[in-house]
Amino acid sequence: MYAYVIRRLFSGLVMLIVMSFATFLMFFNGAVDPVRYTCGKACGVPGVLERNRAMLGYDDPVPVQYAKFVKGVFVGRDFPDDPALRKSAPETIARCDAPCLGYSPKENSTVTSMLAERAPISASLAVAAFIMWIAFGVGGGIVAALYKGRWPDKLIVGTALIFYAFPTFFIGLFLYKFVAIKWELTPQPVYTAFTEDPVAWAMGLFLPGLTLALFYIAGYIRLTRSYVIEAASEDYLRTAKAKGLDKRTILWKHTMRSALTPLITLAALDFAGLLGGAIITETVFNYQGLGKLAVDAATTWDLPVTVGIVLTLSTIVILANIIVDVLYAVIDPRVKLA
Amino acid sequence: MSIQPPAEDLSTDVVATAAEEVGATKIEGRTPWQLVRMRLRRDKTTMFILVVVLFGLIMGITAPILSRLGVLDPFSGNRELIDVTGGGLPLGRFGGVSWAHPLGVVPGTGQDVLSRLVLGVTYSLGIAVSATLLAIGLGTFVGVVAGYSRGWLDFWLSRLIDLTLTFPQTLMLIALSPIVVRLLTDRFGVPEGDIANGMYVVGVLGLFGWPIFARVIRSQVLSIREREFIEAARSLGANNRRIYAKELLPNLWAPILIYSTLLMPQFISAEAALSYLGVGIKPPTPTLGNVLRDSIQYAESDFIFFFFPALFIAILVLSLNLLGDGLRDALDPKADR
């Protein structure tokens with residue numbers, strides 16, 4: 001078991017290195033000069049481009065930039081990157097503590113602090129969506145499987161498919177502009193910090209959470225339904241029935257246990273992916289989470305922020321994969337640790 | 001295309017001749033294709049969905065011709081149908097619905113909504129089909145090579161699949177757009193505008209869309225390569241190329257067909273989402289996503305214009321998804337939904 005965990009961690013580490021280097025190659029390959037987007041109108045002033053380039057370290061080759069970035073993650077670094085520039089203008093020095101993910105000259109702020117500021121909003125949204133999609137998705141899937149082929153099954157699966165077919169931003173905008181604003185049927189989707197007012201926090205998250213959940217519900221209904229149907233046809237269930245076990249025990253202790261185990265993996269991975277922010281939903285409801293930050297950074301070409309977010313999200317996904325694999329080996333004794 | 005493995009061909013033949021000799025009722029052999037068609041024809045829902053999808057395809061193919069002929073008029077504005085003084089909303093009820101403009105006109109410009117949507121089907125289907133071909137092609141190639149070669153090549157290709165899956169796809173699509181579009185226009189001489197943007201969307205959707213399908217194909221190949229007919233072919237001296245093309249690929253057409261049908265709706269939704277975020281083919285070119293995006297600012301005042309682009313997308317996505325499910329039932333009866 002320990003050997004498995006260590007092997008899994010090691011391969012995750014290798015993946016992390018390859019992934020981050022690939023990201024650097026993709027964004028700093030020289031097709032577009034990233035400095036041009038750091039100064040806006042001031043770029044016309046002679047010397048500004050060169051100064052910003054030296055400040056952000058873009059004048060180094062990609063591998064050197066990458067090495068400096070990795071060093072910054074572990075021990076922090078100072079901006080401007082260029083030592084000569086630091087000496088000539090000490091008042092501009094910005095300290096970027098470890099884990100340093102870069103510095104955005106546009107926002108005059110370190111990427112790490114920007115991410116930390118936005119993360120709670122995305123996490124709240126992910127939790128709200130997760131609760132709804134597990135409740136409706138898995139619950140709906142179980143009901144559909146129990147009524148296989150009859151009207152509750154058709155109703156649940158059909159409704160989920162129809163909701164899935166409409167674009168997420170259309171559903172979100174419809175809920176926002178009509179259900180919340182025009183008809184005032186639900187609380188206004190405005191984010192309040194949990195520590196400030198937990199009730200307002202939950203109310204504000206209802207519509208965005210639902211929008212995000214609707215995207216996942218259809219898939220989870222179908223999966224749950226097929227897993228439950230498959231598990232119900234196993235031989236050991238016939239045995240359980242034959243030996244006179246009561247229906248409820250058969251359903252919850254035998255069928256559900258084997259049917260829902262694989263769902264844990266999927267749900268955990270989807271949840272991890274959401275922690276990094278839901279781009280569409282956050283844009284629609286104007287939630288200032290990681291997804292919104294990512295879109296804004298990407299469209300205004302704030303490269304340090306974009307790269308920081310891409311790396312953070314991919315790291316979360318890699319970590320989640322490792323955790324899920326290890327957990328799965330603990331939950332399901334049939335998994336061979338090969 | 002021969003679908004059945006040679007070994008089984010032989011055995012059914014032998015059984016059939018043996019049955020004839022003893023005078024038993026003749027067993028009629030059916031090819032897998034015939035079985036599939038039989039199952040499909042019995043499935044009324046899927047047949048109906050197939051008609052809807054074919055209708056959409058024909059719509060997509062004929063729309064550019066029709067707009068060239070002037071039957072559809074997606075671009076020219078009709079300012080006389082617009083309330084110019086009152087915020088640019090269409091005159092008349094329900095967003096300016098009339099016989100000439102069955103789904104009303106676009107607020108502000110007065111373009112015909114139906115024409116834009118029909119031409120939008122062309123663009124959206126075009127993007128979805130091209131991205132699907134790219135993703136399925138790459139996925140099949142990597143999956144077959146990984147599954148058949150095993151060993152170190154399989155190991156590295158599988159890691160490549162893992163790597164591609166770790167990137168946050170939507171974010172990469174937005175973030176890479178300026179770089180890649182610039183690369184396409186400057187280094188490869190692709191004309192700027194719709195062509196470069198369209199190529200970008202197709203390329204990146206395809207490049208991030210293949211890994212899951214490659215996994216499916218790889219696991220299929222891993223099980224097929226242990227079957228007797230592969231061993232038979234190899235012992236008869238068939239080289240790798242022949243085994244790939246004549247023995248492996250014909251046995252993979254079921255997952256290829258099913259996944260192609262299921263990838264397309266994903267790409268149609270993705271195109272719409274990207275248009276909403278301002279990436280990809282830019283307005284005024286009417287992809288379905290662009291038409292829907294144009295309508296957002298009028299959502300409260302002109303609901304018809306807001307709803308119909310979304311409905312077009314939903315119908316396409318829903319019918320392609322259902323067609324994929326139907327095909328899965330027909331091609332792989334063992335797969336329980």
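Helices here are DSSP runs of H or I at least four residues long, numbered from the N terminus, and strands are runs of E of at least two. With that settled, a caution: this is a predicted model.

Let's start with chain A. Chain A has 338 residues, and 36% of them are buried. It holds 13 helices and four strands. Its C-alpha trace spans about 85 × 60 × 40 Å along the principal axes. Take the contacts in chain A between residues at least 6 apart in sequence: 65% of those join residues at least 24 apart.

How is chain A divided? Into domain 1, residues 2-112, and domain 2, residues 118-299. The centres of these two domains, taken over C-alpha atoms, are separated by 37 Å.

Now the core. In soluble globular proteins, nonpolar side chains tend to be buried together. The largest nonpolar core in this model counts 153 residues. Which residues touch the most other members? Four are in chain A: A:Ala129, A:Ala213, A:Ile217 and A:Ile309. Chain B adds B:Leu171 and B:Ile313. Helix H5 of chain A, residues 111-146, gives the most to this core, with 16 residues. Both domain 1 and domain 2 of chain A give residues to the core, so the core lies between them.

Stay with A:Ile309 for a moment. Leave out residues up to four places away in sequence, and A:Ile309 touches A:Leu115, A:Leu290, A:Leu293, A:Ala294 and A:Ala297. A:Ile309 also touches B:Leu171, across in the other chain.

That brings us to the interface. 36 residues of chain A are in contact with 33 residues of chain B. Seven helices of chain A each supply at least two residues to this side: H1 (2-27), H6 (151-165), H7, H8, H11 (279-285), H12 and H13. Which of them gives the most? H13(A), with seven residues.

One helix pair in the interface deserves a look. Two packed helices are described by the angle between their axes and the distance between the axes. Take H12 of chain A, residues 290-300, and H6 of chain B, residues 169-187. Their axes come within 7 Å and cross at roughly 20 degrees. Angles under 35 degrees count as roughly parallel. H12(A) and H6(B) are therefore roughly parallel to each other. Their crossing is right-handed. Who makes the contact? From H12(A), it is A:Ala294, A:Val295, A:Ala298 and A:Thr299. From H6(B), it is B:Leu171, B:Ile174 and B:Ala175. Note B:Leu171 again: it is one of the core residues that touch the most other members.

H6(B) also packs within its own chain. The axes of H6(B) and H7(B), residues 194-209, come within 9 Å and cross at roughly 135 degrees. H6(B) and H7(B) are therefore oblique to each other. This crossing, too, is right-handed. On the H6(B) side, the contact residues include B:Met172, B:Leu173, B:Leu176 and B:Val180. On the H7(B) side, they include B:Met199, B:Tyr200, B:Val204 and B:Phe208.

Elsewhere in chain B, look at B:Ile243. It lies in helix H10, residues 240-248. Buried or exposed? B:Ile243 is partly exposed, because 17 other C-beta atoms lie within 10 Å. Beyond four places in sequence, B:Ile243 touches B:Ile230, B:Ala233, B:Arg234, B:Ala238 and B:Leu248. B:Phe229 is 14 residues away from B:Ile243 in sequence and 10.0 Å away in space, C-alpha to C-alpha.

Last, some backbone details. Most residues other than glycine have a negative phi, and most peptide bonds are trans. Here are some exceptions to check on your screen.

A:Glu184 has a positive phi of about 50 degrees, and it is not a glycine. Where is A:Glu184? In the loop of chain A between H7 (168-182) and H8 (198-232). A:Glu184 has 9 C-beta neighbours inside 10 Å, so it counts as exposed.

A:Trp301 is not a glycine either, yet its phi is positive, at about 65 degrees. A:Trp301 sits in the loop between H12 and H13 (303-331) of chain A. With 18 other C-beta atoms within 10 Å, A:Trp301 is partly exposed.

And which peptide bond is cis? The one from B:Pro283 to B:Pro284, with omega near 10 degrees. B:Pro284 is in the loop of chain B between H11 (253-277) and H12 (288-296).

Key: Residues are numbered from 1 along each chain as its sequence is written. Chains are lettered from A and ligands numbered from 1 in the order in which they are written. This is a predicted model: local features need pLDDT of at least 70, side-chain atom pairs count only at pLDDT 80 or more; totals for chains, interfaces and linings use all residues. A nonpolar core is a set of buried Ala, Val, Leu, Ile, Met, Phe, Trp, Tyr and Cys residues joined through C-beta atoms within 7 Å. A residue is buried if 20 or more other C-beta atoms lie within 10 Å of its own, exposed if 12 or fewer, and partly exposed in between; C-beta atoms are placed from the backbone. Domain bounds come from an automatic or database domain assignment. Two residues are in contact if their C-beta atoms, placed from the backbone, lie within 7 Å. Axes are lines fitted to C-alpha atoms, for helices over the stretch in contact, and angles run from 0 to 180 degrees between N-to-C directions. Angles under 35 degrees count as roughly parallel, over 145 as roughly antiparallel, 65 to 115 as roughly perpendicular and the rest as oblique. A crossing is left-handed if the near helix is turned anticlockwise from the far one by less than a right angle, and right-handed if clockwise.
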